[in-house]
Structures are given as C-alpha cells and as structure tokens.
Amino acid sequence: MKTVTLDVRTPADSMAEFTHAWKTGKAQKTARISFATPELLWRVLTEKRWELLKVLCGAGPVSIREAARRAERDVKAVHGDVTALLNAGVLNKTEDGHIVFPYEAVKVEFLLQAA
C-alpha cells in the first residue's frame, strides 16, 4: 500500500532530511508532505478537503467534475479545494489536466507538547 505521511516539522528539519537523502543517495522509505505548524496543517486540510482526499485515495487521475461527483459536492466548491490542495503540494495535476492523489492511505503525525 502506498502511504503518505503528513507531518509537522520546521523547514530546517525538512531541508536537513532532504540534504541527507541527497548526500547519501538513499530515498525516504515513505512519502512525506510537511507543514511548518499544526495550525497550517489544519488550515490546509479542512474537513471538506479531508473528505475529498478520502474519495481520491487510490482513485488514479480524475477530472475535477468526477472528484465532485464522487464527493457529492458542488463542482465550484471542489475546484476551490483542489486549487488549495495543489498549491500545498498535496495533490498533483497530470499533463491532461486531471488531478491525482497518488496514495492509497494517509498517516498524520505530529507531537503536541507543553509550551
């Protein structure tokens, strides 16, 4: 199963991991999409966008209209959510204009600790 981990980490931590992978030639074992703060993660991944990701998991490339149909939502609203997810790097766009979430599962990982 192809899984992506959504996590919270500083940009410096993300760059350090990238640099390590670049220098060693060893790719990460799992795909990661990182957010700088938990607040940013939740701002990007709203309830409706989670629902959209749920219907796109393992679906392959689909049109925005098809994504809206599967999510049982208005095309215009889905288009706005797709744009936000594309801008955040969560979704990809194919050459023919379809959208794709190339994962079958999502894992969310972050630590909440005392200030």
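1. Exposed side of α3. In this predicted model, Glu47 and Lys54 are exposed on one side of helix α3. The other side holds the buried residues of the helix, namely Arg49, Leu52, Leu53 and Leu56. Viewed along the axis of α3, these buried residues fall within an arc of 100 degrees, so they line one face of the helix. An arginine thus stands among three leucines in the buried set of α3.

2. Surroundings of α3. The buried residues of α3 pack against α2, α4, α5 and β4. After the helix comes glycine 58, which has a positive phi, near 70 degrees.

3. Packing of α3 on α5. The axes of α3 and α5 are 10 Å apart, and the two helices pack at an angle of about 85 degrees. Because angles of 65 to 115 degrees count as roughly perpendicular, α3 and α5 are roughly perpendicular to each other. On the α3 side the contact is made by Lys48, Arg49, Leu52 and Leu53, and on the α5 side by Val78, Asp81, Val82, Ala84 and Leu85. Of these, Arg49, Leu52 and Leu53 belong to the buried residues of α3, while Val78, Asp81, Val82 and Leu85 are buried in α5.

4. Packing of α3 on α4. The axes of this second pair come within 9 Å and cross at roughly 105 degrees. α3 and α4 are therefore roughly perpendicular to each other as well. Here Leu52, Val55 and Leu56 of α3 meet Ala67, Arg70 and Ala71 of α4. Leu52 also takes part in the contact between α3 and α5.

5. The two sides of α4. Ile64, Ala67, Ala68 and Ala71 are the buried residues of α4. Around the helix axis they cover an arc of only 100 degrees, which puts them on the same side of α4. The face turned away from this buried side carries two exposed arginines, Arg65 and Arg69. The buried residues of α4 pack against α3, α5 and β4. Just after the helix, glutamate 72 takes a positive phi of about 55 degrees.

6. Length and faces of α5. Helix α5 comprises 13 residues, 75–87. At 1.5 Å a residue the helix should span 18 Å, and its end C-alpha atoms are indeed 18 Å apart, so the two values agree. Val78, Asp81, Val82 and Leu85 are buried in α5. Seen down the helix axis, the buried residues fall within an arc of 105 degrees and so line one face of α5. Lys76 and Asn87 are exposed on the face turned away from the buried side.

7. Neighbours and ends of α5. The buried residues of α5 pack against α2 (38–44), α3 (47–56), α4 (64–71) and β4 (99–100). At the start of the helix, a side-chain oxygen of aspartate 74 reaches to within 3.1 Å of the backbone nitrogen of lysine 76. Glycine 89 follows α5 and has a positive phi, near 80 degrees.

8. Arginine 9. Is arginine 9 buried or exposed? Arginine 9 has a relative accessible area of 16%, and because buried means under 20%, the residue counts as buried. Arginine 9 lies in the loop between β1 (3–8) and α1. Its side chain makes a polar contact with the side chain of aspartate 7, at 3.0 Å. Leaving out residues up to four places away in sequence, arginine 9 touches Ser14, Glu17, Arg32, Ser34, Phe35 and Ala36.

9. Threonine 30. This residue is placed in the loop between α1 (11–24) and β2 (31–35). With a relative accessibility of 38%, threonine 30 counts as partly exposed. Beyond residues up to four places away in sequence, threonine 30 touches Thr3 and Thr5. Its C-alpha atom is separated by 33 Å from that of lysine 76, which is 46 residues away along the chain.

10. Overall architecture. The protein has 5 helices and 5 strands, and from the N terminus on the elements run β-α-β-α-α-α-α-β-β-β. The C-alpha trace spans about 40 × 35 × 25 Å along its principal axes. Of the 115 residues, 27% are buried. Among contacts with a separation of 6 or more, 70% are between residues 24 or more positions apart.

Conventions
Residues are numbered from 1 along each chain as its sequence is written. Side-chain values use heavy atoms; hydrogens and water are left out. Helices (H or I, at least four residues) and strands (E, at least two) are DSSP runs, numbered from the N terminus. The expected span of a helix is 1.5 Å times one less than its number of residues. Buried means under 20% relative accessible area, exposed over 50%, partly exposed in between (1.4 Å probe, protein chains only). The arc is that of the directions from the helix axis to the C-beta atoms. Contact means heavy atoms within 4.5 Å. A polar contact is a pair of N or O atoms within 3.5 Å; within protein, one must be able to donate a hydrogen and the other to accept it, and residues adjacent in sequence count only if both atoms are side-chain atoms. Axes are lines fitted to C-alpha atoms, for helices over the stretch in contact, and angles run from 0 to 180 degrees between N-to-C directions. Angles under 35 degrees count as roughly parallel, over 145 as roughly antiparallel, 65 to 115 as roughly perpendicular and the rest as oblique.
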